[in-house]
Structures are given as structure tokens and as C-alpha cells.
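Biologist: Could you take me slowly through one small part of this structure, and explain how its pieces sit beside each other?

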Amino acid sequence: MIEFKNVSKRFEGGFEALRNVNMQLGEGEMAFLTGHSGAGKSTLLKIISLIEKPTRGQALLNRINLKTVSKYRVPYIRRNIGIIFQDHQLLFDRSVFDNVALPLTIQGYRHQEIAKRTRAALDKVGLLQKEKAMPITLSGGEQQRVGIARAVVHKPMLLLADEPTGNLDPVLSREIMQIFVDFHQVGVSVLVASHDLSLIDELQKPVLTLNGGQMTHNDLQPIAAYES
Amino acid sequence: MVMATSKKRRGIPGKANKLVAYFLHHLQSLVFSLGKIYKAPTTTIMTVAVIGITLSLPSGFYLFLKNIEAMSGDLSSSTQITLYLDLKTSEKSARKLSKALASQETVQKTEFISRDSALQAFRQSSGFGKSIDTLSSNPLPHTIIVIPKSDSDRFEIKNLLNSLQSLPEVKIAKLDTEWLERLFTILEIAKRAVGIITLLFAFAVLLIIGNTIRLDIQNRYQEIIVTKLIGATNAFIRRPFLYGGLWYGLFGGIISWLIVELGYLAISGPLGRLNMLYQAELDIVTFSFQDFIILISSSTLLGLTGSWIAVAKHLNQIEPT
């Protein structure tokens, strides 16, 4: 699913956010990405979601080289990823239903299909009864669940989450993480960046640790094992 | 596992045919942008009012010119030729000439003014009565006013003028068209001025709409970034803004039409009197249906163009970071 070979990212001004990162997340695998602030977690996620391009090395998503993708193909590749943000990035001028339906609208689904899939996604995060509510009236945990519903409504192959529990209390955080585990169990690949180490320990999933832009710990299978 | 490009997804149940989806989104954007206008009436009304007022100036001028032209067209049909006869011509032969001319095919009618009645009229209207009394003899000649057939064109009138000029009794034959030609020239200048004004104001409307859409894009910066991350194409994001500009242009055009119509209602009284003073029985000309369509469609086009420029310049710069 995701393959990084000696990926480095150097920003203008010389700051090196990633240094020779190697990793591989197979189809249907789930992993946590940890590290201090500024260790490169966000940069790694940005490379996968085509927001940044690697300076050196090879970053592949489903064997597509993310460095050489033309800008016209970027939207179509992003449709295979569901992204969950720390601040959930909901659109406050429209209802919960319309927020969750957005990826389907973008991809041109039929009206009835949009309604069906949107309700299914809301049901999965336990917010079906709130479909007509405006996001501003929801609690922080509920808003994050709406963000998750929006990320999964179009059934992406890969879920990326950047500090999804950063603003939530431990109980809500556990609920949110459990939703990710549920998606992993139905075959979706999941990569969650988080520094909530105690929660990560609890969930018993592979962990990747970044430190100063270098991968210092990797529970996933090394690339060589796939190449043989 | 296969990267799902739009092509490969075509067969997925629930997903509309690509073309259908395309038109569906156009329709959605059209309605959505209208909904945004409805939700923010104050801003919209202000923008639309500015566009309406801006467009009402050139269209008002245009209508004004149209009226003047209609009036002058009517006046030009009342062309007359004035014949100043030789002073030696007797009143009797002058009257005879007038009658003879009236029976000519190209002439509608003639009017004879004897030198005495001319002097009488001059004495009354000019205010020089006393100074005229000091004259030893009447300096004015007999005059015949020849009105050509109403459907004669310029060429026929010119021919008539030449034939009248060659008559032995006629000293001077004068066609009263100089002032008309002047009027036409002034109208020509005014037309060009309206053209320049129209261009300038059209440009102003482009700037107004461009700026409004630019602010709209800035206000929805976050939304644009989120939709891009969800996989929206630039075309998808562009559409609501383009339709927004289209609505601004359309409503602005309608408002400018209303302004001009109301303005003409307000000045129709004096304009009607002016018509009567020129003895022209004319209705005031307002926008024809064709004018209305041209006004509305060009303002809509301006709206679309203005937003297109703004969108092309600003939207592509917004990328998630």
C-alpha cells in the first residue's frame, strides 16, 4: 500500500524533516506513527497525501510514484485516501449530512446512493440521529467522529489520521481509536500519527517511531521481505 | 488494490455516468451558488446594486440617444426647401409659381409668403419694429416654402433643389438641412462617447465582480483546502464561483434595466412636452425586447468573465500545506 525507500524531505531554508526513511505498510495493515513534535510525522503523512513531494528517494502509493504524479492526477489519487485531521476540518456552513456526503458529491455519485452511503457512514460512527445537525452544535468528540465518517464514506483503501485524538479526553480518545481498529478489521489500511503512547500500547498494533526525521523504530516488515 | 481512476470506476454501481455526473454537478453548483446568495442577502444586494448602477449609466445613455435619434428621424422627414425669389418678381407671378410648384409630382405642398407679410411677421417677432420703419423700402423678397413628398430620399431632394435653383425667378433655393446634418454629427459623436463609456463601465463591472469573487475565494479558503484534500478537482471547486459571478451579472443586469426604466418614467413628462414642441408625435422609446436581451446577456457574460479571471488568478494558488 505505502512504500518509502530512502525518502528524504528537505524544506526551503535547509531544514530536513525526513532523512532516509524506509517503511512499508501492506494492504489491510494498521500501524501507529509516533514521535515528538517536529520529528517528521506530519511531513510523512503529507507526502502520502500528495501535499508535499519527497526531495530524494522513492515514495509509492499503490505502486504510483508520488514524486512524479502530475497535478491533474492528484485529486483522483487522493480519492483513494481518507484523511482525518486533528481539528477535523468540518465545513461549518452545512449540516453533518452534507459534510459527510462531500467526498461522494465530488466523485459524482447518484443522489440516492449518496444518501445511503452517508447514512451508513454516520451509523458506523454512531451519529445517525445527528445527520441534520450543524457541526457547531456537536461536542468535540462528535465533530471528530463526523470527520471520520467523511473520511470513510467513499470506502477508501487507506485511512490516514494526523493526531486524531489530540484534543480529546482519554475516554473519547479510546472510542475514536477503536473506530480505526474496526475499520482495520474490515480490511482498510490504517496509518495513525499519534503521541498518545499509553493508548497505543493498549491497542497492540505495529509502531513506527520517528526521531529528528529518522525512523528509529519500525515494527512493520522491512522492505526486503516484500521484495523477495 | 487497483488505483481507481475515474475511468476504472465507471462500472461501480451507484456511481452516475460521467457525463450525467458532470451535468449534475453543474446544476448543483448553479443552485448552490444561488443558495449562497440567498443566505447572504446584504453582501449580494450591495454587489448587485453596484453592478446595476454601473451598467445603468451606459444603458441609460444608449436609451437617451435612441430617443434623440427617433426624434431626429422624424424631423428629417419634415425637410423643406425655402425659395427666396428675385426682388423684381411681382406678387402675382410669385403666387402663380407657388401653385405650379405644388402640382409637381415630387412636391407635397408649397406655402407662399409675400414680402409684405414677411415684413409684418419680422416686425412682430424680431423686436426691431422701429428700425424697420426707418427703411425706405421692404428689403425682403417673396418666399415660397416647398415641402417635398414625405417619402423622398436625400438624392431626390437634392435633385428637386437643383431644379428649383435653376428657375429664373428663384434667387436662392435653400435646403434647411444644415442644422440636421449638425445634429447628426453631434449624434455620431455622442454615439462614440457612449461606446467609450460602455467599454469603461463594462471594465468596471469586470473589476467589481472579479474583486467580489476574489473576496469570496478568500472567505472560503479553508473549505477549498478541505475539498482539495478530499479529492476535488480544480474544475469542481471552480464551478460554484463561476456560477456566483454569473448570478451577480444576471441580477446586476436586471437591476440596471429597472433603474433605467424607472429613470425614463421619471423624465417621460418633460420629454413628451419636448416632443410636442417639436411637433413630433412620437412615443418615448424604451428598451425593446431585443435591447433587454442584449443588456441581460452581456451583463451575465461580464459576470462570468469577471469571475473566471478571478478564479483563474486566485484559485489555483490555493494548495493545502
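Modeller: In this predicted model, a good place to begin is strand β1 of chain B, which pairs with strand β4 (residues 170-175) of chain B in the antiparallel sense over five bridges. Within that pairing, Ile81(B) has Leu175(B) as its bridge partner in β4(B). β1(B) also pairs in the antiparallel sense with strand β3 (residues 143-148) of chain B, here over four bridges, and in β3(B) the bridge partner of Leu83(B) is Ile144(B).

The faces of the strand come next. In a regular strand the side chains alternate between the two faces of the sheet. In β1(B), the covered face holds Ile81(B), Leu83(B) and Leu85(B), while Thr82(B) and Tyr84(B) make up the uncovered one.

Let us stay with Tyr84(B), which lies in β1(B), the strand that spans residues 81-85 of chain B. Tyr84(B) counts as partly exposed because it has 15 C-beta neighbours inside 10 Å, whereas a buried residue would need 20 or more and an exposed one would have 12 or fewer. If we leave out residues up to four places away in sequence, Tyr84(B) touches Pro141(B), Thr143(B), Lys171(B) and Ile172(B). Of these, Thr143(B) falls within the residues 143-148 of β3(B), and Lys171(B) and Ile172(B) fall within the residues 170-175 of β4(B). Finally, Tyr84(B) and Ile144(B) are 60 residues apart in sequence, yet their C-alpha atoms are 6.8 Å apart in space.

Key
Residues are numbered from 1 along each chain as its sequence is written. Chains are lettered from A and ligands numbered from 1 in the order in which they are written. This is a predicted model: local features need pLDDT of at least 70, side-chain atom pairs count only at pLDDT 80 or more; totals for chains, interfaces and linings use all residues. Helices (H or I, at least four residues) and strands (E, at least two) are DSSP runs, numbered from the N terminus. Two residues are in contact if their C-beta atoms, placed from the backbone, lie within 7 Å. Two strands pair if DSSP finds at least two bridges between them.
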